[in-house]
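Trainee: Got a minute to go through this one with me? I'd like to start with the overall picture.
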Amino acid sequence: MMWVLTDEKGDLLKYKARAVVCGNQQKRKALASGAEHTLETFAPAARSATFKRLCAVGCVANLRVRQFDVEAAYLPGTFEGDDGEVFVQPPLDERFFDDRGIPIVWKLLKPLYGEADAGQIWHRTARKQLVQTQGFTHSEFDPCYFYKKCSDGHRVNLILYVDDCWMADTGSAQADNNLCIFKDRFKLTLQERPK
């Protein structure tokens, strides 16, 4: 897919392109272990009650609530173990045929938008970063809610919602440091006002 972004006057701002996979045509593949790889397209999403709770706690405790978008969220993930191998056929174009006229196939090393397991793999990647690297605790009640009590006594609350994140904190230096560590791993765009 390709987009051409322009301003109100019609002047070119930038070109934007993204490779997308037709996951609806993805087929099951037997794994080396003999088990069949199931195409589970479910990816955790935060509950609406979790958002309401975060906003309510933010108001009562006078927390700073921020929303940021993870750009190209699915690309930092990698296929592991039972994810299986994913092969895609590029668009039927003469550039994508070998010398014998047979269409070539690409093996994906990272999930792309549209790939059946991409949402799960992104959530797993973000969860590893938050829990194992940054010391957040994963909620038992909502798979997308994470929290951490910093050594200075301040608490950081974070919700993952597909490729958006919501963070509520007191504005301490350690809370900002947690966001910086997350930014080092994933490219983030801070929203001016949470939506």
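Trainee: So how much of the protein chain counts as buried?

Mentor: Of its 195 residues, 37% count as buried. Bear in mind that this is a predicted model.

Trainee: Fine. What is the secondary structure of the chain?

Mentor: Three helices and 12 strands.

Trainee: And the surface, how much does the chain expose?

Mentor: About 12500 Å², with carbon and sulfur atoms supplying 53% of that.

Trainee: Back to the inside. Which residues have the most contacts in the largest nonpolar core?

Mentor: Phe68, Trp122, Leu158 and Leu160, in a core of 31 residues.

Trainee: Which elements supply at least two residues each of that core?

Mentor: From the helices, helix 1 (48-60), helix 2 (118-133) and helix 3 (173-185). From the strands, strand 5 (64-70), strand 9 (145-149), strand 10 (155-161) and strand 11 (164-169).

Trainee: Take Leu158. What does it touch, leaving out residues up to four places away in sequence?

Mentor: Phe68, which is also on the list of residues with the most contacts in the core. Leu158 also touches Leu130, Phe136, Cys144, Tyr145, Phe146, Trp166 and Met167.

Trainee: And what is in the second core?

Mentor: That one is separate and has seven residues, including Phe79, Val86, Leu108 and Ile121.

Trainee: Switching to helix packing. How do the axes of helix 2 and helix 3 cross?

Mentor: They come within 11 Å and cross at roughly 140°. That angle makes helix 2 oblique to helix 3.

Trainee: Why oblique and not roughly antiparallel?

Mentor: Because roughly antiparallel is kept for angles over 145 degrees, and roughly 140° falls short of that cut-off.

Trainee: Left-handed or right-handed crossing?

Mentor: Helix 2 passes helix 3 in a right-handed crossing.

Trainee: Which residues meet there?

Mentor: Thr125, Gln129 and Leu130 on the helix 2 side, and Ile181, Phe182 and Arg185 on the helix 3 side. Leu130 is also one of the residues that Leu158 touches.

Trainee: New topic, backbone angles. What is phi of Asn62?

Mentor: Near 55°, a positive value in a residue other than glycine. Asn62 is in the loop between helix 1 and strand 5.

Trainee: Is Asn62 buried or exposed?

Mentor: Exposed, with a relative accessible area of 68%.

Trainee: What about Val162, where is that found?

Mentor: In the loop between strand 10 and strand 11. Phi of Val162 is near 55° as well, again positive in a residue other than glycine. Val162 is partly exposed, at a relative accessible area of 39%.

Methods: Residues numbered from 1 in each chain as written. Predicted model: local features only at pLDDT ≥ 70, side-chain atom pairs only at ≥ 80, totals over all residues. Heavy atoms only, no water. Helix = DSSP H or I, 4+ residues; strand = E, 2+ residues; numbered from the N terminus. Buried < 20%, exposed > 50% of the residue type's maximum accessible area, 1.4 Å probe, protein only. Areas by Shrake-Rupley, 256 points an atom, 1.4 Å probe, with all protein chains shown as cover. Core = buried A, V, L, I, M, F, W, Y, C linked by side-chain atoms within 4.5 Å. Contact = heavy atoms within 4.5 Å. Axes fitted to C-alpha atoms, helices over the stretch in contact; angles between N-to-C directions. Parallel < 35°, antiparallel > 145°, perpendicular 65-115°, else oblique. Left-handed = near helix turned anticlockwise from the far one by under 90°.
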